Every structure is written in C-alpha cells, then in structure tokens.
Amino acid sequence: MATYDGGDKLHVESDSDKGVVQEIDSHGKGSSTLPDVAAAPTRVFEAPESVRNMTPEQRLETENRLRRKIDIRLMPMIVIMYIMNYLDRNNIAAAKLAGILEDLHLKGPEFQTSVSILFVGYLLMQVPSNLFLNKIGKPAIYLPACMVVWGIISAATAACQNYGGLIACRFMLGFVEAAYFPGCLFYLSCWYTRKELGFRTAIFYSGALISGAFSGLIAAGIKAHMDGTKGLRAWRWLFIIEGAATVVIAILAFFCLPDFPKTTTWLTPEERDLAVWRLEEDIGQEDWQDSQHQSFVQGLKLAFTDIKTYVLMFLLFGIVASGTVTNFFPTVVATLKYNNVNTLLLTAPPYVLAVITTFLNSWHADRTGERFFHIVLPLCFAVFAYILSACTLNIAARYVAMMLMVPGVYTGYVVALAWISNSLPRPPAKRAAALAFINAISNCSSIYASYMYAPSMGPRYLVAMIVNCCMALMAMCAAVTLRIILVRLNSKLERGIYVEGAINSGTTEAGKNGFRFRI
C-alpha cells in the first residue's frame, strides 16, 4: 500500500504478490484503493541528510548557486554544438548558391533528393540513439563522440564529385546527427525542473536560429572571397571550414559537458545531493538512477501506450512541417531578385528576430507556467506570413512575410518541446523514447518538403505556402486537444482519482503541494 505521511516521506508497502495502491488526497488521507497493481518493494523517498539540514534560506542560496553552476557548464557548450549541428545539416542550401549544382551536374529533382535523404537517416536513428544514451548515462562522452563523426562526414562532403557521392554523405550525416537534438532534449530534462525547462530549451534551440543567421553570413563571406582559392569552389570551402570547426568544438566538449546529476564529479557532495533531490521533488520519484534501471522495452511500451505521445506527435509534426521553409530559406529569399551575396545576407534578419521572440516567449511561459497560448499565438503570425507570401509579388510585402515566417514557427516550437517533458515526466526511459519518437516523426515532413521548392514552383511557391499554412493550423488543433486532455487529467488529480503516469502522491513539491500537468 502507498501512503504519504504528510512530511517528506513516501512509504510504499506490499503484503502479497498483488499490490494495493491507495490514493492519497491533498491532506495525506487514503481515499480509495486500486487492486491488481504489481507490488513495489518498501521504499522511502526522503531528502538526503545534507538537504534536510539546510534552512530554507540555505536551500534557496545553494540551489541558486547550483543552477548557475549548471547553466555555465552546460548551456554555452550545447548551444555551440547545436549551432554546428544545424550548420552542417543545412549548409547545402547555401551551397546551392555557391556552385554545387554546376560542379556536380545536378539535374531535375536531384538537389531536392540530396536535401531530403539526410532526414531518412535522421529518422531511423533517433529512438535507438536516445534509448542507448539513457542506458549508458554518459552524455558527456556520447554526444561529443557523435559530433566528431558528423564533423568528419560534413568536411568529407567537399570531396564529392558526383550525385551518388553527395547522396551517400548526406545519408550518413543524418544518421549520425540524429543523436544530438533528441539527446539534448532528454539531457536537459535530466538536469532542470519543469519550471526551468522551457527557458533552457529556448536557449538550446537558439543555436539553430543563430546558425540560420550565421549560415547566410558565413556563406556570403566564403562566396565573395574564397571562390576559386587553391582551385576549390566556394561550396567546397563551405563544407571544409564548417566540418573542421565542428571537430574542434567536439573535442573541447569532451572536457566541458557533465553527465547526469548522480554521475557528475565536479559538483560538491552537497550540490550533487540537491541536484538529484530537486528533480525527485519535481516529478515525485528518482529520475536517472543507474544503467541497470533503464529498460529499452519498458520505455518504448510506456511511451507508445500513452495517448499524449500521439497528440504531441501531431503538434510537433505540424510545427516542424510548417517550418520546412527554413530548409530552403535562401532559395525563397532569392525570389526577391537580389544577387547571391545580398540574398545570403538577407536571410539573417528573420533568424535574429526569431532569437529575440523565442527568448521572450519561453521566459514568459516559464514565469507563468502556461504553455497553450505561448504555442498557438506565434503560429497565428506564421499562418498570416504564409498567406501574405502566397498572395503577393510585392518585394516589401514578401520580405515582411519572410521576416515573420521564422519567428512565427519557432517562437512557439521551443515551448512545445518543453511541453513534451512536462506532459510525460516519468520514468526517464519513457521520456527519452517519447522525445526521440516525436522528434523523429515530426521531421518526416523534411523528406517530402524539398520537392515543394523546385525552381519551377517559384517565386510564390504556392503549394508550399498552402501546405505550411495547413500544417500550422493542424498544430493549433493538436494543441487544443492536448490542453483539453491535460485539463481533464488535472481535474482527476484534484479529486484524488488515480492518473497513470502522473505523480499521484509523493515527495514534498510533487506530492504535498500536488503535481499538476502544465497547460
């Protein structure tokens, strides 16, 4: 029987082969029982002695110091790594304006295929990679190691001499890069509480937005000053420089990144105890314990049998599908009829605006604990931008639309990413599987999207804009659905009704104060 004693302890007891789970109301009294639940061994959740001995003021001071320490050690490096991840993935769009079509004699849909093939490998590897990361519990080794490999593959793309070589490099690049994004989302959720996660996810994802801005600037500089240097065209230098930089940064990451709270050595014992305990407080049970407690099969089963996983899948798929325009943003901006260098420069401002709006939106979402409106309202701007772009050829109006496309999609996207961990908080194997599965499915849109931006479809790219608009609307509908589900689940928790996957009773914050899904 599970009982909560009203203090900092949760007692779970069993008298037979079949357990009886007693529901706990907000006052610590049993309200009903649910038979036929597999019994758990007696377990007491209790704050470590070092945490129990802290006064409230000491706890607050220590936690603030710990959070700053984690932020400084973790956030800058994963942002820089994601900048390189995104640069290496999307530099082929800039390479199109730097001579790759002519040098490799790409014809018809071959360029579009070389873009989309990356996402085939990207999709195949995400779930296995995240489950493997959760199993080994060594992100400080695993993520940089993957980065070294994809940096080498990216640099090797410069040696391609034909379409077949380009396809092979792009597929392998996607296969290896798949480890990073879902792995980092899971990684962050193992360090930060639910109220801290949204803003940190925004900081992390700013790497993609910053890379979008810098990609155009870097490509413009290489195109203007290095085309023909040492007998190599500008697009080859683009892959060499960015791939080599990736390898150097990955080597530095080996020495900077921490593992999980329980296995990180540079924290003091007091800080390590608090880092682990504050996550237990937040989600009602220990998060990552050790590799023996992480089951591939159980994580997949729990993720795939939770309806919220599929609603979140539609939400993320809609947002990512509506944002596939960013894969071909230089091509879309080129319809303004400026030269190649100016076109690449004009791709930067929309990403700079997106960084600003993303930070502000996610910061406010964390401050208020609200998720739904922080996702839906930015998507309204995206819908307006796609409609405007499809309806006019006026240069000023079209660039206004382009300025709104990127922030309209990605301002709410980072909040949606945090909503996954908020809605599927435990156990970590389930969270890892769900994050990877949802991200993998959401990126399926990148496979077909490349064919909507063929030169023959410009300058309005009407089909692409209509599809993007419809996908944004689908994401809004999924957000409405998820909000309804979570409101109903919270209502059950208020009434003391058992909810699978929620923290129905537990430790101080999650149990005594009452765990609720963020809506």
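Here is a short walk through two helix pairs and a few salt bridges in this structure.

The model is predicted, so to speak of local features a pLDDT of at least 70 is needed, side-chain atom pairs count only at pLDDT 80 or more, and totals for chains, interfaces and linings use all residues. Residues are numbered from 1 along each chain as its sequence is written, and side-chain values use heavy atoms, with hydrogens and water left out.

Let's start with the helices, which are DSSP runs of H or I with at least four residues, numbered from the N terminus. Two packed helices are described by the angle between their axes and the distance between the axes. Take α16 (residues 372-391) and α20 (residues 462-494): their axes come within 9 Å and cross at roughly 165°. That makes α16 roughly antiparallel to α20 (the term covers angles over 145 degrees, on a scale from 0 to 180 between N-to-C directions). Among the residues that meet (heavy atoms within 4.5 Å) are Phe372, Leu379 and Tyr386 in α16 and Leu462, Ala472 and Arg483 in α20. The residues of this contact divide into 17 nonpolar, two polar and one charged.

A second pair to look at is α12 (residues 307-322) with α18 (residues 428-442), which pack at about 40° with their axes 8 Å apart. α12 and α18 are therefore oblique to each other (neither under 35, nor 65 to 115, nor over 145 degrees). In α12, Tyr310, Met313 and Phe317 are among the residues that meet α18, whose side of the contact includes Phe437 and Ile441. By class, this contact has ten nonpolar, two polar and no charged residues.

Now for the charged side chains. A salt bridge here is a side-chain nitrogen of Lys or Arg within 4 Å of a carboxyl oxygen of Asp or Glu, and the count comes to 17. Glutamate 63 is a good place to pause. Its salt bridge with arginine 67 has the closest N and O atoms 4.0 Å apart, and both residues lie in α2 (residues 56-96), four residues apart. Glutamate 63 also meets arginine 278 in a salt bridge, at 3.0 Å from N to O. This pair links distant parts of the chain, with glutamate 63 in α2 and arginine 278 in α10 (residues 269-283), 215 residues apart. Glutamate 63 and arginine 278 are both buried (under 20% relative accessible area). Salt bridges that share partners join Arg59, Glu63, Arg67, Glu196 and Arg278 into one network.

Notes:
Helices (H or I, at least four residues) and strands (E, at least two) are DSSP runs, numbered from the N terminus. Ala, Val, Leu, Ile, Met, Phe, Trp, Tyr, Cys and Pro count as nonpolar, Asp, Glu, Lys and Arg as charged, and the others, Gly among them, as polar. Buried means under 20% relative accessible area, exposed over 50%, partly exposed in between (1.4 Å probe, protein chains only).
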